[in-house]
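Hi,

Here is the structure I said I would pass on. Have a look at it first, and then read my notes below.

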Amino acid sequence: MATDLTTPLPAHPAAAPIQRRTLRLLFTTQVVGGIGVTIGIAVGALLAAEIAGTAVAGLAQSAAVVGGALLAVPVTRIITGHGRRPGLAFAYGVGALGGVLVVLAAATRWVPLLFLGMLLFGGGAAANLQARYAAVDLAEPHRRARQLSLIVWATTLGAVAAPNFAALADRTTRGWGLPALSGPFAFSAVAFVVAAGVLLVWLRPDPLLTARRLAAAHPGDPVPGEAPAPAPGVAPVAAEPVAVPAPPARRGPGMRAAWSVVRARPAARLGVAAVAVGHLVMVAVMAMTPVHLREYYAVEEVLPVVGLVLSLHIAGMYALAPVVGWLTDRAGRRPVILGGIGTLLAACAVAGTAGHDTLRLTIGLILLGLGWSATMVAGSTLLSESVPDAVRPSAQGLSDLVMGLAGAVAGAASGFVMQVAGYPVLTLLAAVAVAPLLALALRPVPVGAADEEG
């Protein structure tokens, strides 16, 4: 089973130094952006519960996820027409504006403003997620998953520590007159502005535009991120014909064309589904964990406990991403996706039966993060290499849109399920949601269909 992009041909020599510089810069901004995203997420549900009640606490988290999903549309258009640099900076800028609005909402206790702020706050997460695709634009075919996972892993350095800074940020900003639980969002806004500025100034040359220029200047050479010609004597992989409109001068095919391509390719469908379902399960369980912990701890004790649990959960999401990337390149995309599915199911079982045992709950959240990492890295890599170059940015944006909407549904429903049935039922429903992905991953691949190696 091989995609049209898995043949390990050598990269164009001009791409190597640009790729190294791009990876270093993306690594730096992922650390800063990870701090911004996670320090807000750590207290988002608690702030919403304080202002609007527990029943809608999940809706605030969902608003951030929806915001990140919807932003995938304009961000993809900017990236397709102008490159990764302005698209990522725009997303971070929107996230910074959202952080400021959340602080104002906490001060005024105006619930609509809180949801608007959380909606825009999702821009920070959208930028962090889109950055992983910038690592693939100039990557050598046999190192795509590892370099993508390196950028995913970079978030660890900021994200793991960020929840523990939430209490410090809250105490510090209370001295400045800001309301309780709003300080972390002020810190997030500053982090997003810094990340956007670094990208605007130093992400030059743009990796996506560089890949396009190399492809145009050297049409006979294999360029990283592009489908190589079939080897002599090897028949090209058959795929259902898909009409992709010719890209205008400054704008490529949109998400409608991307959807046609993804729908026609089994590997691309599995990649999108793996990313979306893994995110759905992770958001559903993680979003209500702080509220669940509040049932067992006093108000003054819950933030440090939440910070520790979420830090270890985020370590599970990101810390082993390079190992996941290595396994994805060595063992294949589908086996790693299946491993991620099994880990998600184990996480739901452990967390759902933990009760007031914080250690067991923490282990469940670590497994939840590992399952997310496997589906995210393997699914993103599989999607990126399973679609033509012309439609790839739009397909990647489509994947993030679907992922965000899936997570939004999970976040919105989690608060209601938590209030009506409790945390164990929530984890059970999250496990049930994995079943369709498991069926798709185990489905036999038709002979001649484009699919992943391994």
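Let's start with the aromatic rings: there are five aromatic pairs in this structure. One of them joins Phe 121 and Phe 185, which meet edge-to-face, with 5.2 Å from centre to centre and 70° between the planes. Phe 121 sits in helix α4 and Phe 185 in helix α7 (residues 183-202), so this pair ties together parts that are 64 residues apart in sequence. Both partners are tucked away: Phe 121 has a relative accessibility of 3%, so it counts as buried, and Phe 185 comes out at 0%, so it is buried too. The pair also belongs to something wider, as ring pairs link Tyr 92, Phe 121, Phe 185 and Phe 192 into a cluster. Please keep in mind that this is a predicted model.

Next, the empty space inside. How many cavities of 30 Å³ or more does the structure hold? There are three of them, and the largest has a volume of about 600 Å³. If you want to find that one on screen, go to Val 37, Ile 41, Ala 125, His 279 and Tyr 318, which lie nearest its centre among the 37 residues of the lining.

Which helix gives the most to the lining of the largest cavity? That is α4, with nine residues. Phe 121 from the ring pair above lies in this helix as well. Plenty of other helices take part: α1 (15-52), α2 (57-82), α5 (144-159), α10 (266-294), α11 (299-318), α14 (358-384) and α15 (392-420) are among those that each supply at least two residues of the lining. Sorted by class, the lining has 23 nonpolar residues, 12 polar ones and two charged ones.

One last residue to click on is Ser 373, which is found in helix α14. Is Ser 373 buried or exposed? Its relative accessible area is 1%, so Ser 373 is buried. What is Ser 373 in contact with, once its neighbours within four places in sequence are left aside? The list is Gly 316, Met 317, Ala 321 and Val 324. Take Val 324: in sequence, Ser 373 and Val 324 are 49 residues apart, while in space their C-alpha atoms are 7.3 Å apart.

Those are my notes for now. Have fun looking around!

Cheers

How values were computed:
Residues numbered from 1 in each chain as written. Predicted model: local features only at pLDDT ≥ 70, side-chain atom pairs only at ≥ 80, totals over all residues. Heavy atoms only, no water. 1 Å grid on protein atoms, 1.4 Å probe; cavity = no way out; pocket = protein on both sides within 12 Å on 5 of 7 lines; lining within 4 Å. Points joined across faces, edges and corners; volume = space filled by probe spheres on them. Helix = DSSP H or I, 4+ residues; strand = E, 2+ residues; numbered from the N terminus. Nonpolar A, V, L, I, M, F, W, Y, C, P; charged D, E, K, R; others polar. Buried < 20%, exposed > 50% of the residue type's maximum accessible area, 1.4 Å probe, protein only. Contact = heavy atoms within 4.5 Å. Phe/Tyr/Trp six-rings, centres within 6.5 Å; stacked < 30°, edge-to-face > 60°.
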